[in-house]
Amino acid sequence: MSLIFQVGDLLKKDIGETNEFDVKEAIPDFDPKLKILSPLAGLITLSHIDDGIMAQLTGDISVEIACARCANNFKIDFSLDFMQEYWVLGIVKEDVDTPRISEKNEIDLLPRIQQEILVRIPVKPLCQDLCKGVCPSCGQNLNIKACPCPPEIEKPESPFAGLKEKIK
Ligand SMILES: [Zn+2]
Ligand SMILES: [Zn+2]
């Protein structure tokens with residue numbers, strides 16, 4: 001099984017007819033920032049719509065990614081839930097982004113799934129909410145143990161830091 005579906009038969013049925021597929025499908029690694037840890041497990045529903053096929057996917061997947069603060073790899077589990085239209089080749093519309101059903105009446109859900117995974121990854125992934133990061137002086141991972149370096153002197157970063165002076 002793969003994430004390419006043959007929809008020729010479904011396109012011959014009435015509008016509104018659906019096919020459901022339970023999937024448990026390994027997703028190949030596709031981005032250097034991520035390692036896919038588990039197969040995608042879920043349900044794919046394909047529906048015959050006016051212009052082609054509507055695919056709906058709900059499922060779960062786990063990936064490994066590096067923490068933005070301490071650089072340790074950690075696991076993120078999340079759900080995927082999206083709908084995507086695939087239009088028959090003959091349809092002429094201005095929207096060039098909607099994928100088309102191939103000449104062999106196949107649709108490939110993998111590109112959309114990969115895109116969805118990237119959207120779900122946080123911009124700054126943290127291994128834990130309060131990740132302490134690494135010491136800028138000695139490189140010790142401060143989540144594991146403290147280091148003997150003196151604490152950094154706090155810089156007045158707050159936009160209100162200078163305000164007190166003015167109020168006086
Ligand atoms: Zn971390
Ligand atoms: Zn240190």
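Two strands pair if DSSP finds at least two bridges between them. Strands (E, at least two residues) and helices (H or I, at least four) are DSSP runs, numbered from the N terminus. The model is predicted: local features need pLDDT of at least 70, side-chain atom pairs count only at pLDDT 80 or more, and totals for chains, interfaces and linings use all residues. Residues are numbered from 1 along each chain as its sequence is written.

**Exercise 1. Lay out the elements of the protein chain and the pairing around strand 4.**

Step 1. Count the elements. The protein chain has three helices and seven strands.

Step 2. Read them in sequence order. The pattern is β-α-β-β-β-β-β-β-α-α.

Step 3. Take one partner of strand 4. Strand 2 (residues 18-25) and strand 4 (residues 40-49) run antiparallel, joined by eight bridges. Here E25 faces L40 of strand 4.

Step 4. Take strand 5 (residues 52-66). Its pairing with strand 4 is antiparallel, over nine bridges. I44 lies opposite L57 of strand 5. Two residues form the hairpin connection from strand 4 to strand 5.

**Exercise 2. Describe the largest nonpolar core and the surroundings of A55.**

Step 1. Fix the terms. A residue is buried if 20 or more other C-beta atoms lie within 10 Å of its own, exposed if 12 or fewer, and partly exposed in between; C-beta atoms are placed from the backbone. A nonpolar core is a set of buried Ala, Val, Leu, Ile, Met, Phe, Trp, Tyr and Cys residues joined through C-beta atoms within 7 Å.

Step 2. Find the core. The largest one holds 16 residues, and V7, L46, I53, A55, I107 and L109 touch the most other members. At least two residues come from each of strand 4 and strand 5. Strand 5 is the top contributor, with five.

Step 3. List the contacts of A55. Two residues are in contact if their C-beta atoms, placed from the backbone, lie within 7 Å. Beyond its neighbours within four places in sequence, A55 contacts I44, L46, M83, Q84, Y86, I107 and L109.

Step 4. Set this against the chain. Of its 168 residues, 11% are buried.

**Exercise 3. Place V134 and classify its exposure.**

Step 1. Locate V134. It sits in the loop between helix 2 (110-120) and helix 3 (163-167).

Step 2. Classify V134. It is partly exposed, because it has 19 C-beta neighbours inside 10 Å.

Step 3. List its contacts. Setting aside residues up to four places away in sequence, V134 touches C70, G139, Q140, N141 and L142.

Step 4. Check a distance. The C-alpha atoms of V134 and I144 are 9.6 Å apart, with the two positions 10 residues apart in sequence numbering.

Notes: Chains lettered and ligands numbered in written order.
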